Amino acid sequence: MLSNARALSSLGAILLQILSASAATVAKRAPEPWSNYVKNPIFYPSQDAASWRSIYARSIQLPDKSLLLTWEDYDPTVEQPYWPIYKSLDGGASFQNFSRVHDQVNGWGVWYNPNLYTLPQNFGGYPAGTILIAGESLPKDFSEAYIDIYASTDEGLTWSFLSHIVYGPGPETTTNGNKAVWEPFLMMYDDQLVCFYSTQVDPKHAQKLAHKTTADLKNWSEEVNDVANPDYNERPGMTTVAYSPKSEKYIMTYERCGEANVPGCPVHFKVSSSPLTFDSEPGVRLLPSNGGAAPDGSPYIIWTPNLGSADGCGTFIASGNAVESIFVNTDGLDPNGWKALNVGMWSAYSRFLNVIDTPEDSAAKGEKKLFIANGGNMGCTGSCYNFVADALVDVPTYPAE
């Protein structure tokens, strides 16, 4: 009986291992292409990777409906950091290593805050559809930094340096008084490319938000302020901008850190008729009117036309850190009009949003979908393990009262 018991026990252990292995296999299986999914892991960095391992995901969609995705990556096998470019052919259900963006001019590597953008028109000697990427290049000692910009004319396979946008004499840290630069965001306006960014270089401000413009991708204008609060200790950061062709309004979202007697980095926004004149507009805190927590830190904003709308109306969709909800508002951007919606996707540092097209013969049947990408959370080190994950969900519309 004892030997039979041992045999049954061993058999049970083997069956448990088989079932556990099967469950693990199922758990790792990618979602059905172009189907709705959330919390889908798509890249696990090395446990030996430095800093936060992965953070700050960004994506674009190509004309063939494939997706490119990048993030801050700290590959421990290379001397200089690079921005990985991964590609998906199935609506983000899975991604494959496609290319890398390397520092071509400074000898430092490219490190922080990669921002992808597709030129919507011929510009600066480059055809419409050219892909741009901008972010920070710096040496290992963090002594200085450039926000640099690169271009790809073959859908992200190869990249060429274009220009330095802004220089930070360093050190490249968030310590007040250190002259660092951060967080570029690109958009076209009035036949010029605008680069919004955060800067600590101005001695009047621990950090402020500003922009420069270019007409040729080589030469950049003088700096123009967007948010420069009089209290030196305030640190507004992380500009993103969206536009509604219906209301002809531009919105800038940003975090406001360091405000006296206000904890955290509450998300604020400004509204203007031009993306070049945010400095003269008041900042308003983004608060949901239907209850729940407000976003705190690292916001992102997009606009999308409402599905099936014949009148051009659309919805602004915002994201922030600290809460999983996204926040929607109408074209008119009523400060009291924000509504929180739970889409079931983890919050993350600078969580990315984009409305993408889907194939007619896919599970999504040609419907537009909201693509969300997470690179992890700031401060995640040691036993905390960042990895890149994404989601594909129905595009939200503004809730009826």
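Student: What is the bridge partner of Leu-68 in strand 4?
Tutor: Leu-68 has Lys-87 as its bridge partner in strand 4. This is a predicted model, where local features need pLDDT of at least 70, side-chain atom pairs count only at pLDDT 80 or more, and totals for chains, interfaces and linings use all residues. Residues are numbered from 1 along each chain as its sequence is written, and side-chain values use heavy atoms, with hydrogens and water left out.

Student: How many bridges pair strand 3 and strand 4, and in what sense?
Tutor: Strand 3 (residues 67-73) and strand 4 (residues 83-88) pair over three bridges, in the antiparallel sense. Strands here are DSSP runs (E, at least two residues), numbered from the N terminus, and two strands pair if DSSP finds at least two bridges between them.

Student: Which sheet has strands 3 and 4 in its order?
Tutor: An open sheet of four strands, in the order 2-3-4-5 with antiparallel pairing. Strand 2 (54-61) and strand 5 (96-101) stand at the edges with a single partner strand each, so one side of each has no neighbour in the sheet. From one strand to the next the twist averages 25°; axes are lines fitted to C-alpha atoms, and angles run from 0 to 180 degrees between N-to-C directions.

Student: What about the sheet with order 6-7-8-9?
Tutor: That one is also an open sheet of four strands, with antiparallel pairing. Its edges are strand 6 (110-118) and strand 9 (160-168); each has a single partner strand, so one side of each is left without a neighbour in the sheet. Strand 6 is joined to strand 7 (residues 131-137) by six bridges, and Tyr-112 has Glu-136 as its bridge partner in strand 7.

Student: Switching to strand 16, how many of its residues are buried?
Tutor: Five of the six residues in strand 16 (residues 267-272) are buried, where buried means under 20% relative accessible area, exposed over 50% and partly exposed in between (1.4 Å probe, protein chains only). Strand 15 (residues 249-257) runs antiparallel to strand 16 and is joined to it by six bridges. Met-252 has Lys-270 as its bridge partner in strand 16.

Student: Which residues touch the most other members of the largest nonpolar core?
Tutor: Met-252 is one of them, along with Leu-69, Phe-196, Val-241, Leu-370, Phe-371 and Ile-372; the core has 43 residues. Strand 24 (residues 388-394) gives the most to this core, with five residues. A nonpolar core is a set of buried Ala, Val, Leu, Ile, Met, Phe, Trp, Tyr and Cys residues joined through side-chain atoms within 4.5 Å.

Student: And where are the aromatic pairs, or at least how many are there?
Tutor: There are 21 aromatic pairs in the structure. Rings of Phe, Tyr and Trp (its six-membered ring) pair if their centres lie within 6.5 Å; planes under 30 degrees apart count as stacked, over 60 as edge-to-face and the rest as tilted. Phe-185 and Tyr-300 have ring centres 6.3 Å apart and planes at 75°, so this pair is edge-to-face.

Student: Where in the chain do Phe-185 and Tyr-300 sit?
Tutor: Phe-185 is in strand 10 (residues 181-189) and Tyr-300 in strand 18 (residues 300-305), 115 residues apart. Phe-185 is buried, with a relative accessible area of 8%, and Tyr-300 is buried at 6%.
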